[in-house]
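User: Could you take me through one part of this model at close range? I would like to hear about the helix packing, and then how the surroundings fit in.

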Amino acid sequence: MLVYVQRRLLAVLPIALGVSIICFLLVYLAPGDPLQTMLPPDADAETVAKLKQLYGLDRPLPVQYLSWLGNVLTGDLGRSIATGRPVLEEILRSLGNTVLLSLLAVLIAFPVALALGAIAGYRAGSWLDRMVTGTAILGVSVPNYWLGIVLVILFSVEAQILPASGMGPGGSASIGLHTVPFMILPVITLSMIPVGIIARTARSAITEVMAQEFVTTLRANGLPESKAIRHVLKNALPPILAVMGLQFGALMGGSILVETVFAWPGTGFLLSKAILTRDIPVLQGTILVLAMIFVVTNLAVDLVQTAIDPRIKRV
């Protein structure tokens, strides 16, 4: 196990390097000059040249990348072109808000999805199975930004029982009890897709395990059904855990539309503003941090899978 952990940790290094290269280059594919947001329309060539030199945009891309990577390794993600504040400071302030939403969505989605998948898998072919499967397909098919807009219309505009945007009254950016009503709609919106995906995965994994001979043997030996189900769940857990890990990473990195709909000041909202203003340092830093969270989450899930099920042979 220790050798496997060491190999997986070493494998993360080239992945992280590849992620950094992609994050650095992606922002240059979009049209437009990021300096346009900082310069007046009548700026002369000398001013433009000085500003490019200040941000290092006058150097070749490979030189810019190596310089940027060196700074990243020391924790310096640069300064925002729009605000002038350190990018790392901006990301950390927003990341906590995104983590809060994602964790709450996880606490709702994972238990509900696992329960629905277990019911559907245990009662495969029944009306319960068809109902759960249909619900899961609906959850996966409905775009989360569209669902968010519908929830705002129903509960904020029509019923007027929940706030539509922000994370506190009067634009408050602090987290407290006053934040709870503002979290309900975005958390529900974020949890719908993971519920659908995980429920379908759990149903498939449990159905497959239920068809194996050891389950028939356990029942033939008189093992109570409740204990047999525990054995089934334990054997079905590794693929379910893998999907759960991927979904948590997706919630962290894929909440941009939901946070934009609800004006929730997380990394997704920060990223959407950076895209509109062509704030390259913020774009690069935010994408890199979210991508690395996804990589680390997958690594953690991989290690947990191996610890739970020693039958999984890793090379």
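Analyst:

**A close look at helix H4 and its surroundings**

Read from start to end, the chain follows the pattern α-α-α-α-α-α-α-α-α-α-α-α. Please keep in mind that this is a predicted model. The chain holds 12 helices and 0 strands. Of its 315 residues, 39% are buried. Among contacts with a separation of 6 or more, 73% are between residues 24 or more positions apart.

Let us start with helix H4 itself, which spans residues 87-122. In UniProt, an unreviewed entry carries the annotation "transmembrane region" for several stretches, including residues 99-122 and 134-155. Over residues 99-122 the chain is 100% helix and 0% strand, with the end C-alpha atoms 33 Å apart. Over residues 134-155 the helix share is 91%, strand is again 0%, and the end C-alpha atoms are 25 Å apart.

Now for the partners of H4. Two packed helices are described by the angle between their axes and the distance between the axes. For H4 and helix H9 (residues 225-253), the angle is about 145° and the axes are 10 Å apart. The crossing of H4 and H9 is right-handed. On the H4 side, the residues that take part are Leu95, Thr98, Val99, Ser102, Leu103, Ala105, Val106, Phe110, Leu114, Ala118 and Tyr122. They meet Glu225, Ile229, Leu233, Ile240, Met244, Gln247, Phe248, Leu251 and Met252 in H9. Sorted by class, this contact has 16 nonpolar, 3 polar and 1 charged residues.

H4 also packs with H7, at an angle of about 30° and with the axes 6 Å apart. Here too the crossing is right-handed. The contact of H4 with H7 is made up of 25 nonpolar, 4 polar and 1 charged residues.

One residue to look at beside this packing is Thr267, which lies in helix H11 (residues 267-277). Is Thr267 buried or exposed? Thr267 counts as buried because its relative accessibility is 1%, and the cut-off for buried is under 20%. Leaving aside neighbours within four places in sequence, Thr267 is in contact with Ile91, Ser94, Leu95, Thr98, Met252, Glu259, Thr286 and Leu290. Leu95 and Thr98 belong to the H4 side of the contact with H9, and Met252 belongs to the H9 side. Thr267 is also 12 residues from Ser255 in sequence, and the two are 8.1 Å apart in space, C-alpha to C-alpha.

A little before Thr267 in the chain comes Ala263, in the loop between helix H10 (256-261) and H11. Most residues other than glycine have a negative phi. Ala263, however, has a positive phi, near 50°. With 28% relative accessibility, Ala263 counts as partly exposed. Gln160 also has a positive phi, near 55°. Gln160 sits in the loop between helix H6 (144-158) and helix H7 (180-210), the latter being the helix that packs with H4 at about 30°. Gln160 counts as exposed because its relative accessibility is 64%, and the cut-off for exposed is over 50%.

To round off the picture, let us turn to the aromatic rings, where the structure holds 3 pairs. A pair of aromatic rings is described by the distance of the centres and the angle of the planes. The ring centres of Phe24 and Tyr65 are 5.5 Å apart and the planes meet at 65°, so this pair is edge-to-face. Phe24 is in helix H1 (residues 2-26) and Tyr65 in helix H3 (residues 61-73), and the pair links parts of the chain 41 residues apart. Phe24 counts as buried at 2% relative accessibility, and Tyr65 is buried as well, with a relative accessible area of 12%.

Phe24 forms an aromatic pair with Trp68 too, and this one is tilted: 5.5 Å centre to centre, with 40° between the planes. Since Phe24 lies in helix H1 and Trp68 in helix H3, the pair ties together parts that are 44 residues apart in sequence. Both Phe24 and Trp68 are buried. Through these ring pairs, Phe24, Tyr65 and Trp68 are linked into a cluster.

Key:
Residues are numbered from 1 along each chain as its sequence is written. This is a predicted model: local features need pLDDT of at least 70, side-chain atom pairs count only at pLDDT 80 or more; totals for chains, interfaces and linings use all residues. Side-chain values use heavy atoms; hydrogens and water are left out. Axes are lines fitted to C-alpha atoms, for helices over the stretch in contact, and angles run from 0 to 180 degrees between N-to-C directions. Helices (H or I, at least four residues) and strands (E, at least two) are DSSP runs, numbered from the N terminus. A crossing is left-handed if the near helix is turned anticlockwise from the far one by less than a right angle, and right-handed if clockwise. Contact means heavy atoms within 4.5 Å. Ala, Val, Leu, Ile, Met, Phe, Trp, Tyr, Cys and Pro count as nonpolar, Asp, Glu, Lys and Arg as charged, and the others, Gly among them, as polar. UniProt positions are given in the numbering used here, feature names are shortened, and annotations may be inferred rather than shown by experiment. Rings of Phe, Tyr and Trp (its six-membered ring) pair if their centres lie within 6.5 Å; planes under 30 degrees apart count as stacked, over 60 as edge-to-face and the rest as tilted. Buried means under 20% relative accessible area, exposed over 50%, partly exposed in between (1.4 Å probe, protein chains only).
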